[in-house]
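Welcome to a short set of exercises on reading a protein–DNA model. Try each task with the structure open beside you, then follow the solution step by step.

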Number of protein chains: 2
Amino acid sequence: MIERRDVYQAIADPTRRMIIQKLSGGALNIGQIVEDSGITRQGIAKHLKVLNECGMITLTQKGREQFCEARLDQLDEVVDWVNKSRKLWGQRFEKLDKFLAETKKL
Amino acid sequence: MIERRDVYQAIADPTRRMIIQKLSGGALNIGQIVEDSGITRQGIAKHLKVLNECGMITLTQKGREQFCEARLDQLDEVVDWVNKSRKLWGQRFEKLDKFLAETKKL
DNA sequence: AATTTGTACAACCATTTGGTTGTGCTTATA
DNA sequence: TATAAGCACAACCAAATGGTTGTACAAATT
């Protein structure tokens, strides 16, 4: 199993989606992300590490605090993939017809 | 770790995305999905099990063959979530301003 | 009836995941 | 200068992940 670090992996986990949602309002430090999250700071830190490796967040040191900012443009890739998949949706009917015609022959 | 079975999990794996792409052209049996996939039938079967549990595919027995059909409408949830996240994008600037104003004070 | 095709099920494996606790370091604040 | 706040790093854990091989069975085909 290769450690996959992409946008799909980033949004696969509900906690990470929650983090992204929180950050969509603007930059936050780790403490603010932990707030009401229900999990420990270290747990959050691990998710932030993953999100960072996925290129979903940018980290900025400011004194003793570290601010996280979401790179929401990365989500475009997901939407693009979904649209690409659904684009073929139109073609499926002719293929289905073809398939039914073939099975009818047997 | 709870076994999460949702659309996000479904599209998290590249092999599963490949399967969905293949199925977006219409229903296929397992053998056709295995073709040129580079992994074993059993490996594919495991992914199909996951996709089924995620509600991403429908399985139909036809004689000794089993046909898979993608439920592409499930992908709407992902797009909805992404749009919801990006919608807040507009609000981030005022929050960022506020944040910068606060840090300037210190 | 024998063979091939399509599939299912189980066991096994290394790695990843998603958390936890514990320790210690640095930077503000009283 | 204490003390508190914010964070990093490491070790540990059970469970999930993403594969593999091996076996067996049902349905077509010859």
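**Exercise 1. The sheet of chain A**

In what order do the 3 strands of the open sheet in chain A lie, and is their pairing parallel or antiparallel?

*Solution.* Keep in mind that this is a predicted model.

Step 1. Let us start with the overall layout: chain A contains 6 helices and 3 strands. Along the sequence they follow the pattern α-α-β-α-α-β-β-α-α.

Step 2. Now look at how the strands sit side by side. The order in the open sheet of chain A is E1-E3-E2, and the pairing is antiparallel. Strand E1 (28-29) and strand E2 (57-62) of chain A are at the edges with a single partner strand each, so one side of each has no neighbour in the sheet.

Step 3. A reminder may help here: strands of a sheet pair through backbone hydrogen bonds, in either a parallel or an antiparallel way.

**Exercise 2. Following one strand pair**

Find how many bridges join E2(A) and E3(A), and name residues that stand opposite each other.

*Solution.* Step 1. E2(A) and E3(A) pair in the antiparallel sense over 6 bridges.

Step 2. Pick residues along the pair. Leu59(A) has Cys68(A) in E3(A) as its bridge partner, and Thr58(A) stands opposite Glu69(A) in E3(A).

Step 3. Follow the chain from one strand to the other. E2(A) and E3(A) make a hairpin with 2 residues between them, and in the turn Gly63(A) has a positive phi of about 70 degrees.

Step 4. Finally, see what lies across the sheet. Helix H2 (residues 14-23) of chain A crosses E1, E2 and E3 of chain A, running at about 95 degrees to E3(A).

**Exercise 3. The sheet of chain B**

Work out the strand order in chain B and list some facing residues.

*Solution.* Step 1. In chain B, 3 strands form an open sheet in the order E1-E3-E2 with antiparallel pairing. Strand E1 (28-29) and strand E2 (57-62) of chain B stand at the edges; each has a single partner strand, so one side of each is left without a neighbour in the sheet.

Step 2. Take E1(B) and E3(B): they pair in the antiparallel sense over 2 bridges. Leu28(B) stands opposite Cys68(B) in E3(B), while the bridge partner of Asn29(B) is Phe67(B).

Step 3. Next take E2(B) and E3(B), which pair in the antiparallel sense over 6 bridges. Here Gln61(B) stands opposite Gln66(B). The hairpin of these strands has 2 residues between them, and Gly63(B) takes a positive phi near 70 degrees.

**Exercise 4. A helix with a buried face**

Which residues of helix H2 in chain B are buried, and why do they line one face of the helix?

*Solution.* Step 1. In helix H2 (residues 14-23) of chain B, the buried residues are Arg16(B), Ile19(B), Ile20(B) and Leu23(B). Seen down the axis of H2(B), these buried residues fall within an arc of 100 degrees, so they line one face of the helix.

Step 2. Check Arg16(B) by counting. A residue needs 20 or more other C-beta atoms within 10 Å to be buried. Arg16(B) has 21 C-beta neighbours inside 10 Å, so Arg16(B) counts as buried.

Step 3. Look for what Arg16(B) touches. Leaving out residues up to four places away in sequence, Arg16(B) touches Ala10(B), Ile11(B), His47(B), Val50(B) and Leu51(B). Arg16(B) and Ile44(B) are 28 residues apart in sequence and 8.6 Å apart in space, C-alpha to C-alpha.

Step 4. Place the helix against the sheet: H2(B) lies across E1, E2 and E3 of chain B, at about 95 degrees to E3(B).

**Exercise 5. Around the DNA**

How many residues surround DNA strand C, and which are the closest?

*Solution.* Step 1. DNA strand C is surrounded by 26 residues, the closest being Thr40(A), Gly43(A), Gly63(A), Arg64(A) and Ile30(B).

Step 2. Sort the surface near DNA strand C by class: 8 residues are nonpolar, 10 polar and 8 charged. H4(A) supplies the largest share, 4 residues.

Step 3. Repeat for DNA strand D. Of the 27 residues around DNA strand D, Ile30(A), Thr40(B), Gly43(B), Gly63(B) and Arg64(B) come nearest. The surface near DNA strand D has 9 nonpolar, 10 polar and 8 charged residues, and H4(B) gives the most, with 4 residues.

Conventions:
Residues numbered from 1 in each chain as written. Chains lettered and ligands numbered in written order. Predicted model: local features only at pLDDT ≥ 70, side-chain atom pairs only at ≥ 80, totals over all residues. Near = placed C-beta within 6 Å. Nonpolar A, V, L, I, M, F, W, Y, C, P; charged D, E, K, R; others polar. Buried ≥ 20, exposed ≤ 12 C-beta atoms within 10 Å, placed from the backbone. Arc of directions from axis to C-beta. Pairing = 2+ DSSP bridges. Contact = placed C-beta atoms within 7 Å. Axes fitted to C-alpha atoms, helices over the stretch in contact; angles between N-to-C directions.
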